[in-house]
Amino acid sequence: MSSLPDLADAAARRERFQALYEENYHRVLGYAQRRVARDDASDVVAETFLVAWRRLDQVPEGDAARLWLYGAARRVLWNQQRAVRRRDRLSRRLRAEGVTRPDEDPSGSSLTPVAVAFGSLRRGDRELLSLVAWEGLDPGEIAEVLGCSRNAARIRLHRARRRFACELTRVGASLKRSSIAGHVSEVYE
Amino acid sequence: MSPRSMSKRSQQLNALLAELAPVRDEDLVGEVRSARAVGLLGAILEAPTNDREAERSGSRRGRMLVFAAAAVAAAVLSLPAFGVGEEVVSFFAGWRDPEAPVPTASDVLIASGEDGVRWQLVATKSDQGLCLGLVYRSSAGEEVVDGGCGYVDLRGDLTSGIRGDPSTRCLVSPTETAPCGSLPRRWIDFPSRSNGPDSDRMIVFGSAAAGVAGVDLVLSNGESVRAHVVEAPERLGAPLNFYWVAVSLEEGYRGSFELVDPVEMVVARDADGRVLERRIAAWNGNPTGDPDGSPPPQPLG
């Protein structure tokens, strides 16, 4: 039989989780929908919050909870995607994985050059750049999500930008050359 | 991110990427009150709160409790056990991509093991060169291959089914390519990696030239681990060696699955322990992968 303190703890736990859920549901859903098809995104959201429920003691308070959830969602997503991923690391096929939702553009035929350049990056680079451009995180926050040092996050972000700039240059015949060239010249300084 | 912490050009780059986002968080704020979200919350609050409870309830992975249909679970349970009798699971099974390599010989089992689930390291000759992949069956019952096919730049007398097409273009700098066959031959290839079989460990694997008797991996945390090295089975018909090692994610890079590469460098050694070659990941400032090689690329634009 549960004691009164146990019941109080359980109620407090539920209350905390509900607040976490209501505050962050749209963020986790957005994170997932920006990376996978809608149906898959629902699964990612479900599993991410289930992990949070089971590990609520590890979820930090305040805004740090959002970063913790991103980290959890990233792992869930990775576990989900690895089931369908077959890499060809040498052929450098241009892929749009993670750029468009598969259910919207399975052929990838209408991709913009920016999307092609982005899709041709390594998954890790894409995720780093996405965390900045889509989730609005800074290197310190990315470090929290990835579980690495702030300095490591900054360096890897710098490298990812450099590689993205190279890809843009490679596919960028119709891009705004001035801004792209400008970026490239900067990142190698 | 504060605009002041980024250069104007980084902001331009971010702006380009932001346009790719198919949805914005602001558009989803009301979703938490949707029937789906409310239903999910109710289901989670009824779910066990820790692994022990989850196991007691018969569902170690709580997600099954929330979403998996009974029919799917039944289908998974009815699948035959993976790797029984070390039957090789084809690298190419289910690969429907029209650009996929075409195998030119049977799959050859290089190694197998169990880290969470049973896995096999499989090599196959193809019209695009050697295919090397780690094959395992996911928790959802799907056959998964992590690996790839392509030109092999290792030393040795390799047939075209192993070597690949020497006219294939290889990247020699961020903006330049050259025929792969014109580039220097190597002792060791930088590894592929898979954390599919075990979420706590990553299996790192790759190929090396004959004569490489030892392989060390230098991890991003500074630690060094020794890989298993085996000769290619005679059936593959190639003077190659292969290496693999399971790296603990906690040791290697603090639980970050993909974004932080756990392997900074691979070191090939001969039978006497002498270093034959050290190789780093390409595109970290030196596209050749040689830590003592050409300098970083020159400014563009």
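These are my notebook entries on a predicted model with a chain A and a chain B.

**Entry 1: chain A, overall**

I began with the secondary structure of chain A. I counted eight helices and zero strands. Along the sequence the pattern reads α-α-α-α-α-α-α-α.

Next I looked up burial. Chain A has 189 residues, and 60% of them count as buried. Then I checked the contacts with a separation of 6 or more. In chain A, 65% of these link residues 24 or more positions apart. I also noted the surface: chain A exposes about 8,100 Å². Carbon and sulfur atoms supply 50% of that area.

**Entry 2: how far to trust chain A**

I turned to confidence. The average pLDDT of chain A is 72, and 69% of the residues score at least 70. Where in chain A is confidence lowest, and where is it highest? Helix 8 (residues 177–187) of chain A has the lowest mean, at 27. Helix 5 (residues 123–133) of chain A has the highest, at 89.

I marked two stretches of chain A. Residues 83–109 have a pLDDT below 50, yet the model gives this stretch 74 contacts beyond near neighbours in sequence. Residues 173–189 of chain A also have a pLDDT below 50, with 36 contacts of that kind in the model. I leave the fine detail there alone, because low-pLDDT coordinates should not be read in detail.

**Entry 3: helix 5 of chain A**

I went back to helix 5 of chain A. How many of its 11 residues are buried? I found 11 of the 11 buried, so helix 5 of chain A is largely enclosed by the rest of the structure. The buried residues include charged names such as A:Arg123, A:Asp125, A:Arg126 and A:Glu127. A:Leu128, A:Leu129, A:Leu131 and A:Val132 are among them too.

I also looked up one cysteine in chain A. A:Cys166 counts as buried, because its relative accessibility is 6% and the cut-off is under 20%.

**Entry 4: chain B, overall**

Chain B has seven helices and 14 strands. Of its 301 residues, 48% are buried. I checked the contacts with a separation of 6 or more here as well. Residues 24 or more positions apart account for 53% of them in chain B. The accessible surface of chain B is about 14,400 Å², and 51% of it belongs to carbon and sulfur atoms.

**Entry 5: the sheet of strands 1 to 4 in chain B**

I traced an open sheet of four strands in chain B. The order is 1-2-3-4, and the pairing is antiparallel. Which strands form the edges? Strand 1 (108–115) and strand 4 (143–150) of chain B do, as each pairs on one side only. From one strand to the next, the twist averages 15°.

I then looked at one pair. Strand 1 and strand 2 (residues 117–124) of chain B run antiparallel and are joined by seven bridges. In this pair, B:Asp115 stands opposite B:Val117.

**Entry 6: the disulfide**

I searched the whole structure for disulfides and found one over all chains. Which cysteines does it join? It joins B:Cys131 to B:Cys149, with 2.1 Å from S to S. The link is right-handed, with 110° about the S-S bond.

B:Cys131 sits in strand 3 (residues 130–137) of chain B and B:Cys149 in strand 4 of chain B, so the disulfide ties together parts 18 residues apart in sequence. I checked whether the two cysteines are buried or exposed. B:Cys131 is buried, at a relative accessible area of 0%. B:Cys149 is buried as well, at 2%.

**Entry 7: a second sheet in chain B**

Another open sheet of four strands follows the order 7-8-12-11 in chain B, with antiparallel pairing. Its edge strands are strand 7 (192–194) and strand 11 (228–231) of chain B. The twist here averages 20° from one strand to the next.

Within this sheet I looked up strand 8 (residues 201–209) and strand 12 (residues 240–248) of chain B. They pair in the antiparallel sense over nine bridges. B:Ala209 stands opposite B:Leu240 in strand 12 of chain B.

**Entry 8: a hairpin in chain B**

Last, I looked up strand 13 (residues 263–269) and strand 14 (residues 275–280) of chain B. They run antiparallel, joined by five bridges. B:Met265 stands opposite B:Ile280. The two strands form a hairpin with five residues between them. In the turn, B:Gly273 has a positive phi of about 90°.

Technical notes. Residues are numbered from 1 along each chain as its sequence is written. Chains are lettered from A and ligands numbered from 1 in the order in which they are written. This is a predicted model: local features need pLDDT of at least 70, side-chain atom pairs count only at pLDDT 80 or more; totals for chains, interfaces and linings use all residues. Side-chain values use heavy atoms; hydrogens and water are left out. Two strands pair if DSSP finds at least two bridges between them. Buried means under 20% relative accessible area, exposed over 50%, partly exposed in between (1.4 Å probe, protein chains only). Contact means heavy atoms within 4.5 Å. Accessible areas come from the Shrake-Rupley method with a 1.4 Å probe; for residues, only the protein chains shown count as cover. pLDDT is the predictor's confidence in each residue, from 0 to 100. Axes are lines fitted to C-alpha atoms, for helices over the stretch in contact, and angles run from 0 to 180 degrees between N-to-C directions. A disulfide is a pair of cysteine sulfur atoms within 2.5 Å.
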